[in-house]
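The following exercises concern one protein chain and its ligand. Each task is followed by a solution in steps.

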Amino acid sequence: MKKKVLSFLLAATMVMGLATGCGSGAPASGDAKDSGNDTTTAEASNDDSSASGDIQVGIVLPTKDEPRWLQDQKQFETILGDAGFTNQVLFSQGSSATEKTNVETLISKGIKVLIICAQDGAAASAAVEEAKDAGVKVIAYDRLITGTDAVDYYVTFDSFAVGAAQGQYLIDNAPSGSDIPLYLFAGAATDNNAFIFFEGAWSVLQPKVADGTFKIANSSEAEALQDKAELSREEIGKIIGQVTTDWDFNVAKSKAEAHLTAVGSDMKGDVLVLAPNDGTARSIADVFASDKDVSSYVITGQDSEKASVQYIIDGKQSMTVFKDTRTLAADSVAMAVDILDDKEPATDSTYNNEKIDVPAKQTAIVVVTKDNVKDALIDSGYYEASEFTGLE
Ligand code: BGC
């Protein structure tokens, strides 16, 4: 049997978050300095391209090595640059120490607002506490920073909806029968989002495991908890401990290989794979595709990375979740502008970070499959059709 990803005829599914989160686009502020865009992509804090100081908004992103964060960088550059705000983007390159130095550099350049996507949600608390002490307002971007009261706002996609959409896709596109092998993979345990994505996926997958439709293939911890609809953070942590990819393509690949080696033939055939994001999905899909005893697989993802969009067009990845970074960046910039204008930014929810309830603004997500890829990603202007091959 020729192996191919089962994508079936699921129509374009729109999953709405708790709020619409439509960004206000380019902000206008009477206080905006006219010195324009000063964005850099320095990995470390010793970049001195902004040595003249007078940076209004500092942005710190986790890594240049994942296309996801380059999408966000591009949006910040466009939006802040167009609006004439002085700003600087620094990358932490997977290191909490570099992240902290980056924050210190930006503080020394006089930023009033810090927009930060933490490398490690708990470790980042020290950096944002320094920012708070320096009178800087802190916006946690995409990933929540935990265990501190030094986070003023949180701008995020609806991460529970992301996980629920991934789980629901597997359910809607599963082969018929019972005991269908279900492989679970998760993000990094240092990222609060990894817990929320998993919680969302579990909320829809668990009943299907409990009733015997699906059979968990690669986590004894998840199997032991399969009759529990709601898991504590500690319980999710135990499962993540077994199935984490660390958000790393290589870890994802070796874990998928090890898990396929460990199972018997009853856990092969037509299988389902919960992959937490696009980068890990491509690695895991390649491993499943090369196992001769896996006849078909349905696999999830998120981020709509270009390479995964091509995988979807080619039938190698089943779905992705489109998180429109244009909206997220615009929302955080709009928030920063309100702060610079001494206005209270609009929020629509709160997230508890183990210390305080952080006022948050959530953005909806969209499920993308082969059926709606053109509509969601090309017609919306996110990508150009010419960036892909085989697009109908
Ligand atoms: C983000 C995802 C991303 C992952 C790995 C998460 O916090 O929400 O979009 O794929 O980190 O970088």
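**Exercise 1.** What covers the buried residues of helix 1?

Solution. The structure is a predicted model. Begin with the extent of the helix: helix 1 comprises residues 67-83, 17 residues in total. Next, list its buried positions, which are Arg68, Trp69, Gln71, Asp72, Gln75, Phe76, Ile79, Leu80 and Ala83. Viewed down the axis of helix 1, these buried residues lie within an arc of 150°, so they line one face of the helix. An α-helix has 3.6 residues a turn, and therefore residues three or four places apart point the same way. Finally, the elements covering the buried residues include strand 3 (57-61), strand 4 (87-91) and helix 11 (325-340).

**Exercise 2.** Determine whether the span of helix 1 agrees with its number of residues, and state what follows the helix.

Solution. At 1.5 Å a residue, the 17 residues of helix 1 should span 24 Å. The end C-alpha atoms of helix 1 are 25 Å apart, which agrees with that expectation. After helix 1 comes glycine 84, with a positive phi near 80°.

**Exercise 3.** Which residues surround the ligand, and from which domains does the shell draw at least three residues each?

Solution. First, identify the residues: the ligand is surrounded by Glu66, Arg68, Asp142, Arg143, Gly187, Asp191, Asn193, Trp247, Asn277, Gln302, Asp303 and Lys323. Arg68, one of these surrounding residues, is also among the buried residues of helix 1. Second, sort the shell by class: it has 1 nonpolar, 4 polar and 7 charged residues. Third, consider the domains: at least three residues of the shell come from domain 1 (2-151 + 324-363), and at least three from domain 2 (159-322).

**Exercise 4.** Classify aspartate 211 and aspartate 248 by exposure, and locate each in the chain.

Solution. Aspartate 211 lies in the loop between helix 5 (192-210) and strand 9 (214-216). A residue counts as exposed with 12 or fewer C-beta neighbours within 10 Å, and as buried with 20 or more. Aspartate 211 has 9 such neighbours and therefore counts as exposed. Its C-alpha atom is 9.0 Å from that of aspartate 227, 16 residues away along the chain.

Aspartate 248 lies in the loop between helix 7 (233-243) and helix 8 (249-262). Aspartate 248 has 19 C-beta neighbours inside 10 Å, so it counts as partly exposed. Between the C-alpha atoms of aspartate 248 and serine 283, 35 residues apart in sequence, the distance is 9.3 Å.

Note on methods
Residues numbered from 1 in each chain as written. Predicted model: local features only at pLDDT ≥ 70, side-chain atom pairs only at ≥ 80, totals over all residues. Near = placed C-beta within 6 Å. Nonpolar A, V, L, I, M, F, W, Y, C, P; charged D, E, K, R; others polar. Domains from an automatic or database assignment. Helix = DSSP H or I, 4+ residues; strand = E, 2+ residues; numbered from the N terminus. Expected span 1.5 Å × (residues − 1). Arc of directions from axis to C-beta. Contact = placed C-beta atoms within 7 Å.
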